[in-house]
Amino acid sequence: AHLDRVAAVDPAVHAYLHVNTDEALEDAARVDERRAAGEDLPELAGVPIAVKDVVVTRGQVTTAGSKMLEGWVPPYDASLVTELRRAGMPILGKTNMDEFAMGSSTEHSAFGPTRNPWDLDRIPGGSGGGSAAAVAAGLAPLAIGTDTGGSIRQPAAVTGTVGVKPTYGGVSRYGLIALASSLDQAGPVSRTVLDSALLHEVIGVHDPLDSTSLTDPATGLVAAARSRDLAGMRVGVVTELGGEGYQPGVRAAFDHAVELLRGAGAEVVEVSCPSFDYALAAYYLILPAEASSNLAKFDGMRYGLRVEPADGPVTAETVMAATRGAGFGDEVKRRIILGTHALSAGYYDAYYGSAQKVRTLIQRDFAAAFEQADVLVSPTAPTTAFRFGEKVDDPLAMYLNDVATIPANLAGVPGLSLPSGLSDDGLPAGFQVLAPIREDARLYRVGGVLE
Ligand code: GLN
């Protein structure tokens, strides 16, 4: 049924870069056989899923939205994909994204943007706009996203879906095409909070192949999503997230959701995190620094695209320059240049070093805030879905979308976005919940009440 719907609807939405029709049907048939044989199957066995194209899948083209990897077929599965297969979940296909997960609109995909199912003239968020649009349009019941600065939560917010960035280390990064390794985290996208909890428990397991993988598996998430009990829960509204620059309709939807939490028994307090004002600036130094290093492997020798110079000698250096010049889009080049500059001798302390100090201040703000509140809440993104072309030529305007989601990545804390209803422009607004490290269950406890 989902494959039929993809064939009918995806030409307009373009959520998928690749659809694995045959393999998905074979995997589904295998689940049917096992069930018919009386085997006791995992809860989500047979439920199909879409996977963001930054996650490698054995035998299935994986591009990360880049010409650099056009047609590349990975020889192995990401560990989280191994978990999906173990759970008996057929993979419907790979979803569109901004190139190498850099962006907030999917307009930086080398293969054309994804359209927001709520209004096809608007962006579906980014970088994981394909996963969010697939779920919003009924092209998959569940999807996998990755979140380095908000790429699960912001697309969820602007498409009226649920997206979760687990605690850093909660889901293995083995087999993700790395953007910024100290920030990257994979997680669920779904239509309900309970669905995300079910998927989160499938992928939230320890992986010896990722040295930052947490040893304890994620448990109690489904129970928390079902508990519908907020007695004794202190909810902190973050002063710095939600004021100036936020669309009034988004703020109104947020305030309404906070009142629902209060009505359900939560104690609502206001908390201040003053260093959050510097989070965006710190992130846009740390991310390009790490990305410039991670993307150095795309050199025209090892993976994907190889371009030889039009004239002059063919050396390692000229092939590398020609390949990278042709293969990377403007936003990727911009960040590689920023990152290599920030890491260069003479500037390292001033830029990268200062950004790391800000990161520590943000972690301290979280620690202090979580003394006063069990969870923190804010709007997920400052606005609803904007129109194509509105911000694509203005990198700073694009970066401002991430202002509320980035602090969680810098501190490694888990975050969830769920719909808080419609803004006054008739488009979905997102409500963000943040919890302390390893307390992902609290996200679901709060989210479950708002569902
Ligand atoms: N919009 C952010 C960026 O462009 C988010 C990226 C992400 O989470 N992958 O960096």
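This is a walk through one predicted model, from its annotated active site to its core, its helices and a few backbone oddities.

Start with the annotation. The unreviewed UniProt entry marks Lys 52, Ser 127 and Ser 151 as "active site". These residues span 100 positions in sequence, yet no two of their C-alpha atoms are more than 10.7 Å apart, so they gather at one spot.

Take Ser 127 next. Ser 127 sits in the loop between β3 (91-95) and α4 (129-136). A residue with 20 or more other C-beta atoms within 10 Å is buried. Ser 127 has 34 such atoms, so it is buried. The backbone is unusual here: the peptide bond from Gly 126 to Ser 127 is cis, with omega near 5 degrees. Setting aside neighbours within four places in sequence, Ser 127 is in contact with Met 97, Asp 98, Ala 101, Met 102, Gly 103, Thr 106 and Ser 151. That list includes Ser 151, another of the annotated residues.

Ser 151 belongs to another loop, the one between β4 (142-146) and α5 (153-159). Ser 151 is buried, because 35 other C-beta atoms lie within 10 Å. Beyond four places in sequence, Ser 151 is in contact with Ala 101, Gly 126, Ser 127, Gly 128, Gly 145 and Thr 146. Ala 101 appears among the contacts of Ser 127 and among those of Ser 151.

Now bring in the ligand. It is surrounded by 13 residues. The closest are Ala 101, Ser 104, Thr 148, Gly 149 and Ser 151. Ser 151 therefore ties the annotation to the ligand shell: the entry lists Ser 151, the shell counts Ser 151 among its closest residues, and Ser 151 is buried. By class, the shell has 7 polar, 4 nonpolar and 2 charged residues.

Helix α4 follows the loop that holds Ser 127. How much of α4 is buried? The count is 8 of its 8 residues, so α4 is largely enclosed by the rest of the structure. The buried residues are Gly 129, Gly 130, Ser 131, Ala 132, Ala 133, Ala 134, Val 135 and Ala 136. Just after α4, Gly 138 takes a positive phi of about 75 degrees.

Ala 134 leads on to the core. The largest nonpolar core has 130 residues, and those with the most contacts inside it are Ile 49, Val 55 and Ala 134. Helix α9 (residues 279-294) gives the most to this core, with 9 residues. Val 55 shows what such a position touches. Not counting residues up to four places away in sequence, the partners of Val 55 are Ala 78, Leu 80, Val 81, Ile 144, Gly 175, Leu 176 and Ala 186.

Helix α9 deserves a closer look. First, its length. At 1.5 Å a residue, its 16 residues should span 22 Å, and its end C-alpha atoms are 22 Å apart, which agrees. Next, its burial. Of the 16 residues of α9, 12 are buried, so this helix is largely enclosed by the rest of the structure. The buried set includes Tyr 283, Tyr 284, Leu 285, Ile 286 and Leu 287. Pro 288 and Glu 290 are also among the buried residues of α9. What do the buried residues of α9 pack against? Their partners are α11 (330-343), α12 (349-372), α13 (395-399) and α14 (406-411).

Ala 279 also gives a sense of distance. Pro 90 and Ala 279 are 189 residues apart in sequence and 38 Å apart in space, C-alpha to C-alpha. Pro 90 is in the loop between α3 (79-86) and β3. Pro 90 counts as buried, because it has 23 C-beta neighbours inside 10 Å. Apart from neighbours within four places in sequence, Pro 90 is in contact with Ala 24, Asp 27, Ala 28 and Pro 48.

Two further backbone points remain. His 14 is not a glycine, yet has a positive phi of about 60 degrees. His 14 lies in the loop between α1 (2-13) and β1 (16-19). With 21 C-beta neighbours inside 10 Å, His 14 counts as buried. Arg 228, also not a glycine, has a positive phi near 50 degrees. Arg 228 lies in the loop between α7 (221-227) and β7 (234-238). Is Arg 228 buried or exposed? Arg 228 has 11 other C-beta atoms within 10 Å, so it is exposed.

How values were computed. Residues numbered from 1 in each chain as written. Predicted model: local features only at pLDDT ≥ 70, side-chain atom pairs only at ≥ 80, totals over all residues. UniProt positions renumbered as here; feature names shortened; annotations may be inferred. Helix = DSSP H or I, 4+ residues; strand = E, 2+ residues; numbered from the N terminus. Contact = placed C-beta atoms within 7 Å. Core = buried A, V, L, I, M, F, W, Y, C linked by C-beta atoms within 7 Å. Near = placed C-beta within 6 Å. Nonpolar A, V, L, I, M, F, W, Y, C, P; charged D, E, K, R; others polar. Expected span 1.5 Å × (residues − 1).
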